Amino acid sequence: MSTSIETTSEFDRDTAVTLRTPGVYDAYLSAGWTIISAVNGGYLLSLLGRALGEHLPHPDPFTISAHYLTPSTPGPAVIRTETVRTGRTLSTGQASLVQYDADGAEVERIRVLASYGDLDTLTDDVRTAVGPPAIAPIEQCFGASDGPRPEIPGSSAITDRLDLRLDPATVGWAVGAPSGKGEMRGWFGLADGREPDALPLLLTVDAMPPTAFELGLKGWTPTVELTTHIRCRPAPGPLRVSITTRNLAGGFLEEDAEVWDSADRLVAQSRQLARAPRA
């Protein structure tokens, strides 16, 4: 069994996996999802998320925790999946993605542990003390084509795959005037128009510019660990994303993300630990 690549969505084509033997999938990491010096962590999470969705008896990720071990590079990769436990409403599995170095030695890039269920079976009972983030209307926000791109060394290929519109209050870094606040907010969609579902949400939580940029730091902010919770299946339309950092210390920072859909529902949450760029 393999994911279909007969689709107009670049995201679906680039996260396709092909079953080689039970529990082993072949994949190809596209250079289109690189940022600065490596393949984006959210894209990698979506790729492993797809493989686990095929391997486990339940279709949707509910929670997935990833440890990023070494930087991934565009090219062939192998994903190994394993069932840890299956139940009536949840199944748990783990997966790892490996590539091969110039000498042919296997190098593990990322390892995840996840629990899957069926989002369509969730109840409608919602009790929350939070609301969607305050973001300027989408027509007042800034996209990649609005003015010159900021000077960030390395690849920015992923920006061409996203329809990302940043709140004016969080783009000071792009013009050399960071706010000093660890905040990033904006509207998110895929450039090819693909509507959101559970799998792209794994990309969404790690696709915004790092909050470190608004703290006045430029450069690669590699993810060490990322845990994502998918809360419900998103409604069609652009997503609103809010990411905050409250503490940068010892060369590491946390990023807490919330993703809201067009129906004002909280559809995903995440926390990651990342290395801060050098000042």
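In the predicted model, Gly49 is in contact with Tyr116, Leu199 and Leu202, leaving aside its neighbours within four places in sequence. Gly49 lies in helix α2. Its relative accessible area is 3%, and Gly49 is therefore buried, the limit being under 20%. A further spatial relation involves Ile230. Gly49 and Ile230 stand 181 residues apart in sequence, yet their C-alpha atoms are 12 Å apart in space.

Helix α2 also takes part in the aromatic pairing. The structure holds three aromatic pairs. One of them joins Trp33 and Tyr43 and is stacked, with 5.3 Å centre to centre and 0° between the planes. This pair links distant parts of the chain. Trp33 sits in the loop between β2 (24–29) and β3 (34–35), whereas Tyr43 belongs to helix α2, which spans residues 41–55. The two residues are ten residues apart. Trp33 has a relative accessible area of 1% and is buried. Tyr43 is at 0% relative accessibility and likewise counts as buried. Both values fall under 20%, so both residues meet the criterion for burial.

A second pair is formed by Trp173 and Phe213. Here the geometry is tilted, at 4.9 Å centre to centre with 50° between the planes. The angle is neither under 30 degrees, as stacking requires, nor over 60, as edge-to-face requires, and the pair therefore counts as tilted. Distant parts of the chain are again linked. Trp173 lies in the loop between β9 (162–166) and β10 (183–190). Phe213 lies in the loop between α3 (198–204) and β11 (223–230), 40 residues apart from Trp173. Trp173 counts as buried at 10% relative accessibility. Phe213, with a relative accessible area of 7%, is buried as well.

The aromatic residues also group beyond single pairs. Phe11, Trp33 and Tyr43 form one aromatic cluster. Trp33 and Tyr43 are thus partners in the stacked pair and members of this cluster.

Strand β11 contains Thr227. At 18% relative accessibility, Thr227 counts as buried, because the value is under 20%. Its side chain makes two polar contacts of note. One reaches the side chain of Ser65 at 2.9 Å. Another joins the side chains of Thr227 and Glu225 at 2.5 Å. Not counting residues up to four places away in sequence, Thr227 touches Thr63, Ile64, Ser65, Gln269, Ser270 and Arg271. Ser65 therefore appears both among these contacts and as a polar partner of Thr227.

Asp264 shows a backbone feature. Its phi is near 65°, a positive value in a residue other than glycine. Asp264 is placed in the loop between β14 (252–260) and β15 (266–275). At 45% relative accessibility, Asp264 counts as partly exposed, since the value lies between 20% and 50%.

Attention then turns to the pockets. The second largest pocket has a volume of about 490 Å³. Its lining comprises 19 residues. Of these, Asp125, Val126, Arg231, Cys232 and Leu266 lie nearest the centre of the pocket. The lining divides into eight nonpolar, three polar and eight charged residues.

Key:
Residues are numbered from 1 along each chain as its sequence is written. This is a predicted model: local features need pLDDT of at least 70, side-chain atom pairs count only at pLDDT 80 or more; totals for chains, interfaces and linings use all residues. Side-chain values use heavy atoms; hydrogens and water are left out. On a 1 Å grid over the protein atoms alone, a cavity is a set of points where a 1.4 Å probe fits but cannot get out, and a pocket is an open set with protein on both sides within 12 Å along at least five of seven lines; lining residues have an atom within 4 Å of a point. Grid points are joined across faces, edges and corners, and a volume is the space filled by probe spheres set on the points. Ala, Val, Leu, Ile, Met, Phe, Trp, Tyr, Cys and Pro count as nonpolar, Asp, Glu, Lys and Arg as charged, and the others, Gly among them, as polar. Rings of Phe, Tyr and Trp (its six-membered ring) pair if their centres lie within 6.5 Å; planes under 30 degrees apart count as stacked, over 60 as edge-to-face and the rest as tilted. Helices (H or I, at least four residues) and strands (E, at least two) are DSSP runs, numbered from the N terminus. Buried means under 20% relative accessible area, exposed over 50%, partly exposed in between (1.4 Å probe, protein chains only). Contact means heavy atoms within 4.5 Å. A polar contact is a pair of N or O atoms within 3.5 Å; within protein, one must be able to donate a hydrogen and the other to accept it, and residues adjacent in sequence count only if both atoms are side-chain atoms.
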